[in-house]
Amino acid sequence: MKFIVRLHAEITIKSKGVRKRYGKVLVNNLKSILRRNQLDAKVIWCWDRIEIVVAEGVADEQAVAEHISQLLQCVPGIAWFSRSYELPLSEADGQADFAAMVPTLLQVWGPELAHKSFAVRVKRKGTHSFRSIDLERYIGGAVLQQVAGTKVNLGRPDIDVRIEVDQDIVRIFGTKQAGLGGFPLPTQETVLSLLSGGFDSSVASFQLLRRGARVHFCFFNLGGAQHETGVRQTAYYLWQKYASSHPLKFISIDFAPVVEEILTKVDNGLMGVVLKRQMLRAAELVADKLNTAAIVTGEALGQVSSQTLSNLSVIDEATQKLVLRPLITMDKQEIINIAQQIGTADFAKSMPEYCGVISNKPTVKAQRDALLAAEAELNPELIQQVVRQSGVLDVSTIGEQAAAAVTAVASLTVAAAGQCEIIDIRAADEAELKPFVATDASITVRHIPFFKLATKFAELDPDITYLLYCEKGVMSQLQALYLQEQGYQNVAIYKP
């Protein structure tokens with residue numbers, strides 16, 4: 001089994017040295033990701049492409065192919081990829097044997113082509129006794145004869161059948177699947193993203209990951225342990241999905257003392273701007289410790305009162321670090337749409353906006369003199385104090401820590417009918433793609449997405465133990481911890 005990976009176009013137009021460096025970084029990232037997922041495959045750099053060759057003897061080839069496809073869709077630096085079916089170019093008496101290609105092509109594309117329009121696209125490398133159009137016409141004619149309901153449409157076909165003849169090798173490509181684009185991690189400098197768990201900050205973090213920047217996460221805790229548990233889930237998801245080739249840090253700062261001081265000493269209209277300035281000051285201290293080049297926020301122009309140009313200008317004066325705002329021109333719906341595409345929308349739905357409660361009548365044009373006067377009343381040592389007391393952990397260990405924290409929750413392999421029920425906490429699309437069926441038909445299985453679990457759990461029967469299920473077990477552990485922190489003890493982890 002082989003996959004062909006193409007680099008993002010912005011990489012291919014760079015100088016020879018830069019292109020080679022980016023390509024080698026992407027190769028190493030792919031090796032790391034495949035190894036982490038226990039997939040035995042070689043990753044080969046071929047200048048114009050990267051080849052992934054899976055070891056022979058795979059038990060379930062289709063399942064492995066789907067797994068690799070899911071991984072490749074989420075690796076920064078990939079323009080597109082496709083499964084490749086290779087065979088030697090047969091020639092006899094100086095003529096290429098086009099007929100030898102037809103069985104493989106029909107095996108790959110036959111079911112997909114039925115009753116569809118198609119076009120055959122051939123690219124060649126090397127010297128051959130035929131032209132590309134000769135092979136296109138032959139393969140097109142074979143498909144028309146052997147696949148029912150097909151027709152040729154060179155302008156806007158339903159399916160492009162792509163064939164590459166590379167010297168004496170013929171590659172018949174399967175479905176072309178889009179990658180993330182962008183640059184491989186970590187070809188750009190490291191940044192610190194202010195992660196609240198909402199739509200904006202998670203999308204902003206993703207945008208920097210996609211552009212090849214290693215992204216550490218800084219969380220200002222305004223809502224206690226439950227708030228942090230929710231944000232940890234977002235950080236772990238972003239790392240696992242898009243950046244598992246490299247370690248990332250999660251820094252949690254208890255900002256409640258800072259907020260309390262602002263509430264008691266700062267004029268109501270200035271509270272929001274002062275809070276943002278204090279966050280940037282704290283973030284700068286963290287960024288210096290982690291040697292990061294910039295601070296990333298999810299702010300969008302005009303979305304809330306603190307995000308006017310005037311306010312953003314005075315907010316930035318609180319730090320000497322470069323502040324990046326990748327969402328600055330986006331509408332809220334655009335941000336939500338991206339969050340849905342990358343998979344963070346479900347996390348954001350259950351995340352309260354704690355910053356929104358700071359000011360009742362916020363100013364949209366804070367005056368510098370008024371800000372300085374207000375901040376003169378604040379304890380200058382408090383920011384350094386809360387940063388010194390901050391917790392730092394590797395994002396990759398969040399799942400392990402959650403498992404350790406819920407040791408009081410039994411990990412059961414068999415559920416007792418009438419005493420236990422199983423709750424599938426996966427998102428709806430994931431549950432539909434791979435439906436969960438209990439081995440014991442007498443066990444009730446509910447579907448409550450994890451982002452609704454906190455509110456729905458209170459409505460469930462307290463005399464029944466509920467076993468949380470997700471495919472990899474990490475999310476169920478985090479949710480069990482979350483519910484325990486709310487005082488529920490009738491929750492456990494289901495391990496089928």
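# A guided tour of the predicted model

The protein has 18 helices and 22 strands. The model on display is predicted.

**Whole chain**

Begin with the entire protein in view. Its C-alpha atoms fill a box of roughly 90 × 60 × 35 Å along the principal axes. Of the 496 residues, 52% count as buried. The exposed surface comes to about 23300 Å², and carbon and sulfur atoms supply 49% of that area. Colouring by charge brings out 52 positive and 53 negative side chains, with the centres of the two sets 6 Å apart. Contacts may be displayed next: among those between residues at least 6 apart in sequence, 79% join residues at least 24 apart.

**The nonpolar cores**

Select Phe217, Tyr242, Val395 and Ile423. Within the largest nonpolar core, which has 59 residues, these four touch the most other members. Helix α7 (residues 224-242) gives this core its largest share, seven residues.

Remain at isoleucine 423 and display its surroundings. Which residues does isoleucine 423 contact, leaving aside neighbours within four places in sequence? They are Arg446, Ile448, Leu453, Phe457, Leu460, Tyr466, Leu467, Leu468 and Tyr469.

Then select Val259, Ile262, Leu378 and Val387. These residues are included in a second, separate core of 34 residues.

**Helix α6**

Select residues 199-210, which form helix α6. The end C-alpha atoms of α6 are 17 Å apart; this agrees with the 16 Å expected because each of the 12 residues is taken at 1.5 Å, counting one less than their number. The helix is mostly covered, with 11 of its 12 residues buried. Among the buried residues are Phe199, Val203, Phe206 and Leu209, together with polar-named positions such as Ser201 and Gln207.

Next, pick aspartate 200, which is found in α6. Is this residue buried or exposed? Aspartate 200 counts as buried because its relative accessibility is 11%, and the cut-off for buried is under 20%. Apart from residues up to four places away in sequence, aspartate 200 touches Gly298, Gln303, Leu327, Lys332 and Ile335.

Move past the end of the helix to glycine 212. This glycine follows α6 and has a positive phi, near 90 degrees.

**Helix α9**

Select residues 271-290, helix α9. How far apart are the end C-alpha atoms of α9? They are 29 Å apart, in agreement with the 28 Å that its 20 residues should span at 1.5 Å a residue. This helix is also mostly covered: 15 of its 20 residues are buried.

Within α9, select leucine 275. Leucine 275 counts as buried, since its relative accessibility is 1%. Add serine 306 to the selection and draw a line between the two C-alpha atoms: the residues are 31 apart in sequence and 9.7 Å apart in space.

**Backbone features in the loops**

Most residues other than glycine have a negative phi, and most peptide bonds are trans. The next three stops depart from that pattern.

Just after α9 comes asparagine 291, with a positive phi of about 55 degrees. Asparagine 291 lies in the loop between α9 (271-290) and β15 (294-296). The residue is exposed because its relative accessible area is 68%, where exposed means over 50%.

Continue to histidine 115, in the loop between α4 (102-113) and β7 (117-125). Histidine 115 has a positive phi of about 60 degrees although it is not a glycine. With 61% relative accessibility, histidine 115 counts as exposed.

Now select leucine 185 and proline 186. The peptide bond from leucine 185 to proline 186 is cis, with omega near -10 degrees. Proline 186 is found in the loop between β11 (177-178) and β12 (188-194).

**A last stop**

Where is glycine 487? This residue is in the loop between α18 (474-485) and β22 (491-494). At 51% relative accessibility, glycine 487 counts as exposed. To finish, select alanine 114 as well and display the separation: the C-alpha atoms of glycine 487 and alanine 114 are 57 Å apart, and the two residues are separated by 373 residues along the chain.

Key:
Residues are numbered from 1 along each chain as its sequence is written. This is a predicted model: local features need pLDDT of at least 70, side-chain atom pairs count only at pLDDT 80 or more; totals for chains, interfaces and linings use all residues. Side-chain values use heavy atoms; hydrogens and water are left out. Helices (H or I, at least four residues) and strands (E, at least two) are DSSP runs, numbered from the N terminus. Buried means under 20% relative accessible area, exposed over 50%, partly exposed in between (1.4 Å probe, protein chains only). Contact means heavy atoms within 4.5 Å. Accessible areas come from the Shrake-Rupley method with a 1.4 Å probe; for residues, only the protein chains shown count as cover. Lys and Arg count as positive and Asp and Glu as negative; His and the chain ends are not counted. The place of a charge is taken as NZ of Lys, CZ of Arg, CG of Asp or CD of Glu. A nonpolar core is a set of buried Ala, Val, Leu, Ile, Met, Phe, Trp, Tyr and Cys residues joined through side-chain atoms within 4.5 Å.
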